[in-house]
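Here is a short walk through one protein model, going from the overall layout to the aromatic residues and then out to a few loop positions. Have the sequence and the 3D view open side by side as you read.

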Amino acid sequence: MASFAPASVAPKNLGKMISSISYWDDDIWCFDISTPGVTDGGRRIRWAFNLPDGSLFTDPAWAELRHTVKCFLWSLRTDPPDGKRRVAPGTLISVFSQIRV
């Protein structure tokens, strides 16, 4: 599999706080969303989802792609394109859901 994210990204992101309770390398990212009516599922990105071949996205075979997706999503939050605002955690969850499909 071709490398999409620079290898140098991994060490600096390991242990990075994503929210008040979640870290970069967690299998579930829980965001601090206090919007009324948002369920627990609407506050989380669950990386351990089933793939068509029966594996999980958290299996070692998918580590590089998982890391790339995490980098992409986190870049939307921390380093948006020129002229764009950084996205809210709820938007990250929505983009993740669209990528997953």
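What follows covers the fold, the helices, the core with its rings, the cysteines and three loop residues.

**Overall layout**

Keep in mind that this is a predicted model. The protein chain has three helices and two strands, and from the N terminus on they come in the order α-β-β-α-α. Of its 101 residues, 34% are buried. If you take the contacts between residues at least 6 apart in sequence, 39% of them join residues at least 24 apart.

**Two helices**

Let's start with α2, which covers 63–78. It has 16 residues, and at 1.5 Å a residue they should span 22 Å; the end C-alpha atoms are 22 Å apart, so expectation and model agree. Its buried residues are Arg66, His67, Thr68, Val69, Lys70, Cys71, Leu73, Trp74, Leu76 and Arg77. Arginine and lysine turn up in that list alongside leucine and tryptophan.

Then there's α3, at 89–100. The same kind of check works here: 12 residues at 1.5 Å each should span 16 Å, and the end C-alpha atoms sit 17 Å apart, which agrees. Which residues of α3 are buried? They are Pro89, Leu92, Ile93 and Phe96. Looking down the axis of α3, these buried residues fall within an arc of 100°, so they line one face of the helix. As a reminder, an α-helix has 3.6 residues a turn, so residues three or four places apart point the same way. And what does that buried set of α3 pack against? The partners are β2 (44–46) and α2.

**The core and its rings**

The largest nonpolar core has 19 residues, and the members that touch the most others are Trp29, Phe31, Ile45, Trp47, Leu73, Trp74 and Leu92. Two elements, α2 and α3, give two or more residues to this core. The top contributor is α2, with five residues.

Aromatic rings are a theme here. There are eight aromatic pairs in the model. Two of them are set out below.

| Pair | Geometry | Centre to centre | Angle between planes |
|---|---|---|---|
| Trp24 and Trp29 | tilted | 5.5 Å | 45° |
| Phe49 and Phe57 | stacked | 4.9 Å | 20° |

Are the partners in these pairs buried or exposed? Trp24 and Trp29 are both buried. Phe49 is buried too, with a relative accessible area of 7%, and Phe57 counts as buried at 5%. Ring pairs also link these four residues with Phe31, Trp47, Trp74 and Phe96 into a cluster.

Trp29 is worth a click of its own. Leaving aside neighbours within four places in sequence, Trp29 is in contact with Ile18, Ser22, Tyr23, Trp24, Arg43, Arg44, Ile45, Trp47, Lys70 and Trp74. Among those partners, Lys70 and Trp74 are on the list of buried residues in α2.

**Cysteines**

How many disulfides does the structure hold? The count is zero. Cys30 is buried, with a relative accessible area of 18%. Cys71 is at 16% relative accessibility, so Cys71 counts as buried as well.

**Three loop residues**

Two of our loop positions lie between α1 (9–13) and β1 (28–30), and Ser22 is one of them. Is Ser22 buried or exposed? Its relative accessible area is 1%, so Ser22 is buried. Beyond its neighbours within four places in sequence, Ser22 is in contact with Lys16, Met17, Ile28, Trp29 and Cys30.

Asp26 lies in that loop between α1 and β1 too, but Asp26 is partly exposed, at 24% relative accessible area. With neighbours within four places in sequence set aside, Asp26 is in contact with Ile21, Trp47 and Lys70. Asp26 and Thr58 are 32 residues apart along the chain, with 9.9 Å between their C-alpha atoms.

Finally, look at Ala88, in the loop between α2 and α3. Ala88 has 39% relative accessibility, so this residue counts as partly exposed. From Ala88 to Arg77 is 11 residues in sequence and 6.8 Å in space, C-alpha to C-alpha. Arg77 itself is one of the buried residues of α2.

Definitions and conventions. Residues are numbered from 1 along each chain as its sequence is written. This is a predicted model: local features need pLDDT of at least 70, side-chain atom pairs count only at pLDDT 80 or more; totals for chains, interfaces and linings use all residues. Side-chain values use heavy atoms; hydrogens and water are left out. Helices (H or I, at least four residues) and strands (E, at least two) are DSSP runs, numbered from the N terminus. Buried means under 20% relative accessible area, exposed over 50%, partly exposed in between (1.4 Å probe, protein chains only). Contact means heavy atoms within 4.5 Å. The expected span of a helix is 1.5 Å times one less than its number of residues. The arc is that of the directions from the helix axis to the C-beta atoms. A disulfide is a pair of cysteine sulfur atoms within 2.5 Å. Rings of Phe, Tyr and Trp (its six-membered ring) pair if their centres lie within 6.5 Å; planes under 30 degrees apart count as stacked, over 60 as edge-to-face and the rest as tilted. A nonpolar core is a set of buried Ala, Val, Leu, Ile, Met, Phe, Trp, Tyr and Cys residues joined through side-chain atoms within 4.5 Å.
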